[in-house]
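Colleague: I should like to learn how the features of a model are read, one at a time. Please begin with a single side chain.

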Amino acid sequence: MGQLLLIGIAAGAASALLVAGVAAGTVLAVPLFYLAPLPIMVAGLAFSHWAALIGLGAAAIALGIAFSTTFLTAYLIGIGGPAWALAYAALLAREDAAGRGGLVWFSVTGLVFLSGVLATVGTVLGLLSVAGDHETYQAAVASAFEAFVQVQKDAGGPGMSAADAADMAGLVGTILPALAAVLSMVTQLICLYLAGRAAMISGRLARPWPDLTSLRLPPVASLLLAVLVAGSVAPGMIGLAASAAGSALVMAFALAGFATLHGLTRGRTARPLILTGAWVATLALGWPVLVAAVFGLVDTMFDLRTRIGSGGAPPAANDR
């Protein structure tokens, strides 16, 4: 127990420092901030979820003392809490004679869904912490955007008319929850992947490494997406919450699309070229992620991996 306590405190201190570095205002502080879930996840995957929980508490208390209770709450909801939950879920397993070693581990699909739910909840709670109604929220966004424009003017940058500034502020306020949910989800999943690799390399990962190409959303996800898209046009905070949840689900479909692409090209000669082109285009341009989401949606509905097949067999499955 003493070892877990020390590991947890060390992980919490590292996570808190990565978050607090934003206060320094340096360029390097921003990418380091997005790695703040990583120490908690490493503690959870390589040692125990108790170590991760201790780290979560230590980081939250340290941030609360150094800054404010608002900072503490934001860390618990947006960074530390999801990090602990994902690390805990990744090591869940149930007995099943059909599984490897008699166990079936929490699936990749389940982890992606959980990440989307946590990102959506964190985004919605963040919205409610800013304002309790849509008008107050839009006013807060407009005020922040006007301040940004004024800073640009003071620095000698291009100006913007009041009407254009108001229109742009309205657009930013509309898309901000969706962007926040997607960014939170992607950050958590990247950190989970890095933590899993670190635990595996150190020989402390309790579960077998999953086949990431097994990611496939259930057919009901397409119906859920249609409901969320319809809900996103609703007025007020309900529409903003639905847009956040819908964007997270679109990202899940995009990841499923990439998983489909990886699965279908397995064993093909042109596989490196296809995958490199797809990933580079997505990272450089951004919009190809929507193509990947459509691809994932089509695979969910028509099971492309079974219909088309691949040139090579996948590794043995260890989760479902």
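Colleague: Which backbone oxygen does the side chain of Thr265 reach?

Modeller: A polar contact is a pair of N or O atoms within 3.5 Å; within protein, one must be able to donate a hydrogen and the other to accept it, and residues adjacent in sequence count only if both atoms are side-chain atoms. Here the partner of the Thr265 side chain is the backbone oxygen of His262, at 3.3 Å. The model is predicted, so local features need pLDDT of at least 70 and side-chain atom pairs count only at pLDDT 80 or more, while totals for chains, interfaces and linings use all residues. Residues are numbered from 1 along each chain as its sequence is written, and side-chain values use heavy atoms, with hydrogens and water left out.

Colleague: Where does Thr265 lie, and is Thr265 buried or exposed?

Modeller: Helices (DSSP runs of H or I, at least four residues) and strands (runs of E, at least two) are numbered from the N terminus. Thr265 belongs to the loop between H10 and helix H11 (271–285). Buried means under 20% relative accessible area, exposed over 50%, and partly exposed in between (1.4 Å probe, protein chains only). Thr265 has a relative accessible area of 6%, and therefore counts as buried. Contact means heavy atoms within 4.5 Å; with residues up to four places away in sequence not counted, Thr265 touches Arg271, Ile274 and Leu275. Its C-alpha atom is 10.0 Å from that of Arg305, 40 residues apart along the chain.

Colleague: Which residue offers its backbone oxygen to the side chain of Ser247?

Modeller: The backbone oxygen is that of Ser243, 2.8 Å from a polar atom of the Ser247 side chain. Ser247 is part of helix H10 (residues 236–264). Its relative accessibility is 18%, so Ser247 counts as buried. Beyond residues up to four places away in sequence, Ser247 touches Ala178 and Val182.

Colleague: What does Leu240 contact, leaving aside its neighbours within four places in sequence?

Modeller: Leu240, also found in helix H10, is in contact with Leu127, His134, Tyr137, Gly173, Thr174 and Pro177. The C-alpha atoms of Leu240 and Leu127 are separated by 8.8 Å, although the two residues are 113 apart along the chain. Leu240 is buried because its relative accessibility is 5%.

Colleague: How far apart are the end C-alpha atoms of helix H6?

Modeller: The expected span of a helix is 1.5 Å times one less than its number of residues. Helix H6 (residues 108–130) has 23 residues and should span 33 Å; the end C-alpha atoms are 33 Å apart, which agrees. The buried residues of H6 include Val108, Leu111, Ser115, Ala119, Gly122 and Leu127.

Colleague: Why does a spacing of three or four places matter in a helix?

Modeller: An α-helix has 3.6 residues a turn, so residues three or four places apart point the same way.

Colleague: What is the backbone phi of Asp303?

Modeller: Asp303 has a positive phi of about 55°, although it is not a glycine. Asp303 sits in the loop between helix H12 (288–302) and helix H13 (304–308). With 27% relative accessibility, Asp303 counts as partly exposed.

Colleague: How many helices and strands does the protein chain have, and what share of its residues counts as buried?

Modeller: The secondary structure comprises 13 helices and two strands. Of the 320 residues, 40% count as buried. Among contacts with a separation of 6 or more, 76% join residues 24 or more positions apart.
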